[in-house]
Amino acid sequence: MNKSELKPAAVFEQFAKINEIPRPSKREEKMIEYLKNWGESRGLDTKVDETGNVIIRKGATKGMENRKTVILQSHMDMVCDKLVDVEFNFDTDAIKTYIDGEWLTAEGTTLGADDGIGCAMELAVLDSNDIQHGPIECVFTRDEETGLTGAEGMKAGFMTGDYLINLDSEDEGEIFVSCAGGRNTTAKFNFKKEAAPAGLFFMRGQLKGLVGGHSGDDINKQRANAIKLLGRFLFQTMNRYEGVRLAQFNSGKMHNAIPRDGMFVIAVPNDVKENVKADWNVFASDVEEEFHVTDTQMVWAMESTDAEPVIEAGVARNFVYALQAVDNGIYAICQDPALNGMVETSSNIASIETADTQITIVSSQRSNVMSNLDNMCATIGACFTLAGADVKHSDGYPAWKMRSNSELQKIVKDSYVKLFGKEPIVRGIHAGLECGLFSERYPNLDMVSFGPTLRFVHTPEERLLIPTVQMVWDHLLDVLKNIPQK
């Protein structure tokens, strides 16, 4: 298969054009301008709100004028991550894609199918002349990936439809009807750097090649977290040998991803350096066995490095102890049997950055139950506060509660059964969707979310299962054709 054979052609053509446009979160200006010009050039009612969200309206096809209005919604920004040895500028360069069997993926970077493929479907509907539909509003939100600030900034009345189909899900055959709420917790350890005592040997430890993934949707897969693993080794080493000093710790890039790689620089007494190297090898072997199912490509490296100033001993110790102690992963499972054992509450240590006088740790908490979200944030915050860090919590975003007797859910489910001869899975998702914020400003809006199959989102291994795009496209068009009258 080559790219010219991708089906549906209308969708993949739009996706290819989208991937030529730089659109990092919070820097979507080029995409906003593209969408604005695209809609206006076709004579469609196009508006950009003060936050930067774009809406393009299209009237009904002949005979469908009295149908309820459907909102199609996706986010225009993408997570920007790349392999460490790949040269790429997300502010200027086009994403380079290739076909790998039945999958579409990118050359060493995130693909941007989250949620570029949703945007592409919306544009393909708007650009068509032969799709039956009632009045539609295509909404493209900005900055979903770093806080849902586009949806947060959208004022009531920007959308006017009766139903909303969110096209930001990642498993074909699954219809999502609820999502988790989330908040970030940031902890900062302040310190003064000082000259290392005499007689110390500097070592750099590096870990890469972990699978990583989305810290909500993939947290149930129990993949390795680079920060927690490197923190474990530092905790073990500091407790085993006296006089170990920490100079650096850096890992992770995004608040909503499981960190895949990381590094630290430590100084150890000369007489134990060989012991530390041996410990590193044993530790690596043990961890590889722990994660032999989920993370099979771990790469461990330890080498000597140049001397540099070190972090105050007390601060470094508290920081490492906090990393060892802090909760990470699944905290609770949903009790509602309708949600089929979905993760209810979780936390993910996402990134650590060492600057001249400060270590900054960012973590992400999620829950479908807002009181448990508050509790999880308090638990993470308490751990870092006890260790001496300054802690702040973000405002976050609300959960989207499952709607009983949803008209749209029935339409979407019945359509799927008719097209594919099997029942779709109707469930909630542990990731955050903008539907949670929409439900606050549009309490009567009936919503569902579905989309084609994506894997390894938020990582350079992100990939889109090509055949599922046609399935979702067929499903979407059938739903639009069967929207009831007002």
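**Close-up views of a predicted protein model**

**View 1. Arginine 245 pairs up with glutamate 194.** Arginine 245 is buried, with a relative accessible area of 10% (buried means under 20% relative accessible area, exposed over 50% and partly exposed in between, using a 1.4 Å probe and protein chains only). Its partner, glutamate 194, is partly exposed at 33%. The two form a salt bridge, with their closest N and O atoms 2.6 Å apart (a salt bridge is a side-chain nitrogen of Lys or Arg within 4 Å of a carboxyl oxygen of Asp or Glu). Arginine 245 belongs to strand E13 (residues 245-251) and glutamate 194 to strand E10, so this link spans distant parts of the chain, 51 residues apart (strands, E, are DSSP runs of at least two residues, and helices, H or I, of at least four, numbered from the N terminus).

A quick note on the views: this is a predicted model, where local features need pLDDT of at least 70 and side-chain atom pairs count only at pLDDT 80 or more, while totals for chains, interfaces and linings use all residues. Residues are numbered from 1 along each chain as its sequence is written, and side-chain values use heavy atoms, leaving out hydrogens and water.

**View 2. Aspartate 143 meets lysine 26.** Here the side chains join in a salt bridge at 3.0 Å, N to O. Aspartate 143 sits in the loop between strand E6 (136-141) and helix H4 (149-153), and lysine 26 in the loop between helix H1 (9-18) and helix H2 (29-41), so the pair ties together parts 117 residues apart in sequence. Aspartate 143 is buried at 3%, whereas lysine 26 is partly exposed at 46%.

**View 3. Aspartate 100 meets arginine 463.** This salt bridge has an N to O distance of 3.4 Å. Aspartate 100 is in strand E4 (residues 97-100) and arginine 463 in strand E25 (residues 463-465), so the pair ties together parts 363 residues apart in sequence. Arginine 463 is buried at 18%, and aspartate 100 is partly exposed at 36%.

**View 4. Arginine 67 is buried yet has no salt bridge.** Look for it in the loop between strand E2 (54-58) and strand E3 (70-75). The nearest side chain of opposite charge, glutamate 65, is 8.0 Å away. Leaving aside neighbours within four places in sequence, arginine 67 is in contact with several residues, including Gly134, Pro135 and Lys486 (contact means heavy atoms within 4.5 Å).

How values were computed
Lys and Arg count as positive and Asp and Glu as negative; His and the chain ends are not counted.
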